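Reader: Hello! I am looking at this model and would love a close look at a single part of it, told as one connected story.

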Amino acid sequence: TNPEKIKLGNSEGVKGTRVRVFGRVHRERRQKENMFITLRDGYGQMQVILQGQLAKTYDALTLTRETSMEILGELKEVPAGAHAPNGRELHADFYKIHPGWRAAGGDDAITNRVSKDTEHATLLDLRHLVIRGETASKILIIRDAVEFAFNQVFKELRMRKVSPPALVQTQVEGGSTLFKFQYYNEEAFLTQSSQLYLETCLPSLGDVYCIEKSFRAEKSLTRRHLAEYTHIEGELDYITFNDLLDHLEHVICRVLEISMADPTIKQYILDLNPEFQTPERPFKRMKYTDAIDWLNEHSIPNEDGEPHKFGDDIAEAAERRMTDIINRPIFLTHFPAEIKAFYMQKDPEDTRVTESVDCLMPGVGEIIGGSMRMYDYDELMAAYAKEGISPADYYWYTDQRKYGTSPHGGYGFGFERFLAWLCKQHTVRDTCLYPRYFGRCKP
Ligand code: 4AD
Ligand code: MG
């Protein structure tokens, strides 16, 4: 009978001990009569031993990394003290390199092109090869699991997933970062956020969310700005600002709980971020005005090199320093209306500020932006005028206030920023499959 074909990695649940595997040669080394191959297939790694004659064939003697192999053999526990992924190794009795499966060796070997010393720009051009590496593939596997966890949490909360359009004719977060393009005979933009569309779903679907791409024509190179990023957005009906903050705290902690419950994912997260701990609830909540005082007490200046004053944007560097010093998640709330988006609800107790929140994480800074939404028709009309946007283009958003309005709010997670925090990556670029940012649109 044919042995069971299995994926590499965790081999629990495999019935027999004789198995058939496929994978690429990740590493190989010779020791006396034997050849040890670390085989990789995207599910994990397996140590394979070729003994005796099997280690002396032409194929074995000329084996190059990244070559695909089919191998049959006996799975055995490794002796105590010996090292092998999952504590098992495969003693091969047959293997085959099918025609065309051999990877280029020599100067063309990917290991010669992609190493720790390779220039940053070259690594980005060779992203399609870099993702075969251990760090990049762990991040992408974590990314898959965490996105799944978000979906699961939203389902637990009975939120419904929708898929708003990416090609739009309205801005959400200011005109300066819009990607404009010719849409047949009209001007259109790549969406900056699906928020306005999510708001239109509340009356028919209840609480909603989406996981879509957002686009920002950011013209600077920073470690946390992309031109295309994955935006996890939620919108909740009939809530207060405090409900919104509690909800965000729950979503973050529950997503982490679900992700860490998978032993492989937990291991990968700890490999990348050994000190990682699920944050304690409740998160620190800090008003913008208190942050301004905090920054001044710690002599962290504003963008002009002067003490911070009410109305200043807190720049990326200052925000990150504050978050790193406090070293725990912060809900920074109640930003002044002038520095925030037009749609944000004012705080009834102090109308200079809005019911807005940024969630800040150590190492990254802002990973979420959210707020209560202006739900009064007249207030919204005044906000359009102040922002200089034409109400005509926003008729569908305005109608939301006309045909039965409600107190509601929502938020957007920058998924790559969340992952950069979780996986302790210096830049969000390393959490993307193929990052898009100022000056890069390949591979
Ligand atoms: O703070 P932002 O601009 O808020 C919004 O777009 C809201 N309309 C979302 C909502 O309420 N539904 O963006 C939300 C988050 C930021 O906190 C950040 O994490 C991420 O999106 N983000 C970016 N991530 C990578 N590259 C960029 N250029 C980003 N711009 C925003
Ligand atoms: Mg923001």
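The request and a walk through one helix and its surroundings follow.

Could you take me through helix H5 (residues 134-156)? Which of its residues are buried, and what do they pack against?

Author: Happy to! Please keep in mind that this is a predicted model.

Let us place the helix first. The domain assignment splits the protein chain into domain 1 (4-106) and domain 2 (129-431), so H5, at residues 134-156, falls in the range of domain 2 by the assigned bounds. The C-alpha centres of the two domains lie 45 Å apart. An unreviewed UniProt entry carries the annotation "domain: Aminoacyl-transfer RNA synthetases class-II family profile" for residues 142-435. That stretch is 35% helix and 23% strand, and its end C-alpha atoms are 17 Å apart.

Now the helix itself. H5 has 23 residues, and from first C-alpha to last it reaches 33 Å; at 1.5 Å a residue one would expect 33 Å, and the span is close to that. Just after H5, Arg158 takes a positive phi of about 60°.

On to your question about burial. The buried residues in H5 are Ile139, Ile142, Arg143, Val146, Ala149, Phe150, Val153 and Phe154. Their packing partners include three strands: E7 (160-161), E11 (208-215) and E12 (228-237). Helices H7, H8 (263-272) and H13 (415-422) are packed against as well.

In soluble globular proteins, nonpolar side chains tend to be buried together. Here, the largest nonpolar core holds 74 residues. Ile142 of H5 is among the members that touch the most others, along with Leu248, Val255, Cys359, Ile367 and Leu419. Helix H7 (residues 241-260) gives the most to this core, with eight residues. H7 is also one of the elements that the buried residues of H5 pack against.

Another of those well-connected members, Cys359, shows how the core is knitted together across the sequence. Leaving aside neighbours within four places in sequence, Cys359 is in contact with Leu248, Pro329, Phe331, Ile367 and Ile368. Leu248 and Ile367 are themselves among the core members that touch the most others.

Finally, the chain has a second, separate core of 19 residues, which includes Ala55, Leu63, Ile71 and Tyr95.

Conventions: Residues are numbered from 1 along each chain as its sequence is written. Chains are lettered from A and ligands numbered from 1 in the order in which they are written. This is a predicted model: local features need pLDDT of at least 70, side-chain atom pairs count only at pLDDT 80 or more; totals for chains, interfaces and linings use all residues. A nonpolar core is a set of buried Ala, Val, Leu, Ile, Met, Phe, Trp, Tyr and Cys residues joined through C-beta atoms within 7 Å. A residue is buried if 20 or more other C-beta atoms lie within 10 Å of its own, exposed if 12 or fewer, and partly exposed in between; C-beta atoms are placed from the backbone. Helices (H or I, at least four residues) and strands (E, at least two) are DSSP runs, numbered from the N terminus. Two residues are in contact if their C-beta atoms, placed from the backbone, lie within 7 Å. The expected span of a helix is 1.5 Å times one less than its number of residues. UniProt positions are given in the numbering used here, feature names are shortened, and annotations may be inferred rather than shown by experiment.
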